Amino acid sequence: LKMDLKRNKLTKPDRQKLITDKLKEQPALRVSELSQDIGVSTETIRRDLDVLEAQGLISRTYGGAAPALNKEPSFKQRELINAKQYEIIAKACCHYVQNGEVLILGSSVTTLQVAIRLAAEKKDLCVFTDSYAIASALSSNNTIKVHLAPGSFNDDESCVYGPETINYFANIYANKAILGATGLNQNGVSNVDLEIGETYKAMARCASETIIVADSSKISRNAISLYLPWTNVDRLIIDKPPFDESLVVGLKHGNVEVTIASESSWSF
């Protein structure tokens, strides 16, 4: 009873922080459970959830709430964010690519920087991609043979997707698939677009080695398409150590090699 009285005195910001903290530990919460646990009416909880959803901190579900699904800015907007980190990650990634290899590059801002770096440093590569921007960047090096997949065009991401794209990659073998991400969590790698996530799955299936390139802002983020578990990833290249404990657990479980990209990159 004393605990209930204390909870009834929670301020609105305190209630909302308690809700978001609970969602870090549970995949979903119900309004009725929150009402009983916090000691306020269901109407009060619903208003709190409306505010939290408007702030992008949660996703409303039927009868409750779930962790927020992250949305990303457009491809062109993302090119202007964390540009230095993308370049450092791309530089580190090139250390793991040998001249003459067959590569798959999935569409993302980070993989575009990888393509730019590959065009400047490597030769005799054969590259398959779903991205018009990546194909264009690689074309500056006349020793690199570029194959652009067919499919429906996504203008926001400057890439193709759909059944044609997935079927195309089903018939390809590559030494390495280099892919980007919207989110990195304990369970694996996610993408904000479900259909592009399916393309990434197809790309990873036909490569001997899968490398994920992502900046540290993606740590602990959730996105709609969990396209690869860590057990299907060979290496993560990121600009800062993955400090999130649950992510570290996932990486260790998947036996993923991690490269911390810096001016002098190192691995653990």
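## Surface and overall make-up

The accessible surface of the chain comes to about 13,400 Å². Carbon and sulfur atoms account for 50% of that surface. The model is predicted.

The chain has 268 residues, and 48% of them are buried. Its secondary structure comprises 11 helices and 16 strands. Take the contacts between residues at least 6 apart in sequence: 61% of these join residues at least 24 apart.

## Helix α2

Helix α2 covers residues 12–23, which makes 12 residues. From first C-alpha to last, α2 reaches 17 Å. That is close to the 16 Å expected at 1.5 Å a residue.

The buried residues of α2 are R15, Q16, I19, T20, K22 and L23. They sit on the same side of α2, because they cover an arc of only 160° around the axis. These buried residues pack against two helices, α3 (31–38) and α4 (42–54). They also pack against three strands: β1 (29–30), β2 (58–61) and β3 (64–67).

## T20, a residue of α2

T20 is found in helix α2. Its relative accessibility is 19%. The cut-off for buried is under 20%, so T20 counts as buried.

Leaving out residues up to four places away in sequence, T20 touches L52, L57 and I58. L52 falls within α4 (42–54), and I58 falls within β2 (58–61). Both of those elements are among the packing partners of the buried residues of α2.

## T129, at the end of β5

T129 lies in strand β5, which runs over residues 126–129. T129 is buried, and its relative accessible area is 0%. The side chain of T129 reaches the backbone nitrogen of S131 at 3.1 Å.

What does T129 contact beyond its neighbours within four places in sequence? The list is L105, I134, A135, V146, H147, L148, A149 and F169. One of these, F169, returns below in a ring cluster.

## Aromatic pairs

A search of the whole structure finds four aromatic pairs. A pair of aromatic rings is described by the distance of the centres and the angle of the planes.

Y132 and F153 form a tilted pair, because their planes stand at 40°. The ring centres are 5.0 Å apart. This pair links distant parts of the chain, 21 residues apart. Y132 is in helix α8 (residues 132–138), while F153 is in strand β7 (residues 152–154). Y132 is partly exposed at 41% relative accessibility. F153 is partly exposed too, with a relative accessible area of 39%.

## A buried pair and a ring cluster

Y200 and Y227 form an edge-to-face pair. Their centres are 4.9 Å apart, with 70° between the planes. Y200 lies in helix α10 (residues 194–205). Y227 lies in strand β13 (residues 225–229). The pair therefore ties together parts that are 27 residues apart in sequence. Are these two tyrosines buried or exposed? Both Y200 and Y227 are buried.

F128, Y168 and F169 form a cluster, linked by ring pairs. F128 falls within strand β5 (residues 126–129), the strand that holds T129. F169 of the cluster is also in contact with T129.

Conventions:
Residues are numbered from 1 along each chain as its sequence is written. This is a predicted model: local features need pLDDT of at least 70, side-chain atom pairs count only at pLDDT 80 or more; totals for chains, interfaces and linings use all residues. Side-chain values use heavy atoms; hydrogens and water are left out. Helices (H or I, at least four residues) and strands (E, at least two) are DSSP runs, numbered from the N terminus. The expected span of a helix is 1.5 Å times one less than its number of residues. Buried means under 20% relative accessible area, exposed over 50%, partly exposed in between (1.4 Å probe, protein chains only). The arc is that of the directions from the helix axis to the C-beta atoms. Contact means heavy atoms within 4.5 Å. Accessible areas come from the Shrake-Rupley method with a 1.4 Å probe; for residues, only the protein chains shown count as cover. A polar contact is a pair of N or O atoms within 3.5 Å; within protein, one must be able to donate a hydrogen and the other to accept it, and residues adjacent in sequence count only if both atoms are side-chain atoms. Rings of Phe, Tyr and Trp (its six-membered ring) pair if their centres lie within 6.5 Å; planes under 30 degrees apart count as stacked, over 60 as edge-to-face and the rest as tilted.
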